[in-house]
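Grab your favourite viewer and work through the exercises below at your own pace. Try each task before you read its solution.

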Amino acid sequence: MRFVKGHGTENDFVILPDPDGALDLTADAVARLCDRRAGIGADGVLRVVRSKAAGLEAGLDAGDAEWFMDYRNADGGIAEMCGNGLRVFARYLVETGLAAPGEWDVATRAGLRRVTLGPSGDVCVDMGPASILGAGEASLAGTVFQGERVSVGNPHLACRVDGPVAALDLSRAPGFDPAVFPDGVNVEFFRTVGDRHLEMRVYERGSGETRSCGTGTVAVAATAAAQAGDGPSEWTVDVLGGRVTVALGEATARLTGPAVLVAEGETWPGWL
Ligand SMILES: N[C@@H](CCC[C@H](N)C(=O)O)C(=O)O
């Protein structure tokens, strides 16, 4: 099986080119690919498949988008959307000549997402709306954190903290009420470090602590803007793996940041 490895602010992915939808990608295979000791190692898998060949789940409409991002978490579970993954997905399509630099839609389980990119450099993704849904809470090592429930196509809980996020122990999953988050949740901890400038750490559903989460950065920017009473505004979000910007508009949020391809190869015959 051919693969490419890439990352966006060190949120890393195994990219599986599958233009004709020939791969039978099981949850077990995804978990083995993402295993950092016995596999290639990644936070998730991006299967690159033509929308027409993707066999989309009922209710998904790819519109005119040629490509569908089939995103999977490291545990093999399916998620609706991945912001960093989508930047890497778009960069892969351009680097391999499967798409031209410019502006075009990619189909995802959260709907169509417009990407804008040149022949090299940062990638901008229109992430759609970030919807603030109300209060929620998570716990970490016995401490309860209040936050905002936010949908960026996938579920988030954005918790403001007072001290440096570096001080948090995210070696274990935060606790949350499964009645409030029946599908699980990505939990972000953020702090203001400057003028519309945040730092964030995240514990992702299905992947554990990662060094960045694009949808998570949108969730914390939207939460911080709402808490400050800000309207459309641009935010800088520092994550363990680098920095992204989030431009909050009236109806949509645009995420801009790096997308890097680092290697390509083939799994050993019979291994998977
Ligand atoms: N890292 C991603 C989000 C991936 C999906 C998430 N773990 C979930 O289960 O919703 C991003 O960059 O947005």
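Two strands pair if DSSP finds at least two bridges between them. Keep in mind throughout that this is a predicted model.

**Exercise 1. Overall build**

Task: work out how many helices and strands the protein chain has, and why its radius of gyration agrees with that of a compact globule.

Solution:
- Step 1. Begin with the secondary structure: the protein chain holds 3 helices and 18 strands.
- Step 2. Check the extent. Along the principal axes, the C-alpha trace spans about 50 × 40 × 35 Å.
- Step 3. Compare with the globule rule. A compact globule of 272 residues would have a radius of gyration near 19 Å, and the protein chain has 18 Å, so the two agree.
- Step 4. Look inside: 44% of the 272 residues count as buried. Among contacts with a separation of 6 or more, 63% come from residues 24 or more positions apart.

**Exercise 2. Two domains**

Task: find which residues of the protein chain the domain assignment gives to domain 1 and to domain 2, and how many residues each one brings to the contact.

Solution:
- Step 1. Mark the bounds. The domain assignment gives domain 1 as 2-125 + 258-266 and domain 2 as 131-251.
- Step 2. Turn to the contact between them, which takes 19 residues from domain 1 and 18 residues from domain 2.
- Step 3. Sort the domain 1 side by class: where domain 1 touches domain 2, there are 6 nonpolar, 9 polar and 4 charged residues.
- Step 4. Add the spacing of the C-alpha centres of domain 1 and domain 2, which is 23 Å.

**Exercise 3. Around the ligand**

Task: decide where the ligand lies with respect to domain 1 and domain 2, and which helix gives the most to the shell around it.

Solution:
- Step 1. List the closest residues. The ligand has 18 residues around it, and A79, N84, N154, G214 and T215 come nearest.
- Step 2. Ask which domains contribute. Domain 1 and domain 2 both give residues to the shell, so the ligand lies between them.
- Step 3. Ask which helices contribute. α2 (83-95) and α3 (214-228) each supply at least two residues of the shell, and α2 gives the most, with 3 residues.
- Step 4. Sort the shell by class: 3 residues are nonpolar, 13 are polar and 2 are charged.

**Exercise 4. Following the strands**

Task: trace the pairing of β8 with β9, and find which residue takes a positive phi in their hairpin.

Solution:
- Step 1. Pair the strands. β8 (residues 131-140) and β9 (residues 143-151) are antiparallel, with 9 bridges.
- Step 2. Fix the register with two partners: G136 bridges to G147 in β9, and I132 stands opposite V150 in β9.
- Step 3. Inspect the turn. The hairpin of β8 and β9 has 2 residues between the strands, and A141 takes a positive phi near 45°.
- Step 4. Move on from β9, which is joined to antiparallel β10 (residues 155-160) by 4 bridges; here V150 stands opposite H156 in β10. In this hairpin, with 3 residues between the strands, G153 takes a positive phi near 90°.
- Step 5. Return to β8, which also runs antiparallel to β11 (residues 175-176) through 2 bridges. A138 stands opposite F176 in β11.

**Exercise 5. Buried or exposed?**

Task: a residue is buried if 20 or more other C-beta atoms lie within 10 Å of its own, and exposed if 12 or fewer do. Is G216 buried or exposed, and is V123 buried or exposed?

Solution:
- Step 1. Take G216, whose place is in helix α3. G216 has 31 other C-beta atoms within 10 Å, so it is buried.
- Step 2. See what G216 touches. Leaving aside neighbours within four places in sequence, its contacts are H156, N186, E188, M200 and V202.
- Step 3. Take V123, found in strand β7 (residues 123-126). V123 has 22 C-beta neighbours inside 10 Å, so it counts as buried.
- Step 4. See what V123 touches: not counting residues up to four places away in sequence, it is in contact with R87, A90, R91, V115, L117 and A259.
- Step 5. Finish with a distance: V123 and N84 are 39 residues apart in sequence, and their C-alpha atoms are 9.4 Å apart in space.

Key:
Residues numbered from 1 in each chain as written. Predicted model: local features only at pLDDT ≥ 70, side-chain atom pairs only at ≥ 80, totals over all residues. Near = placed C-beta within 6 Å. Nonpolar A, V, L, I, M, F, W, Y, C, P; charged D, E, K, R; others polar. Domains from an automatic or database assignment. Contact = placed C-beta atoms within 7 Å. Rg over C-alpha atoms; globule rule 2.2 N^0.38 Å.
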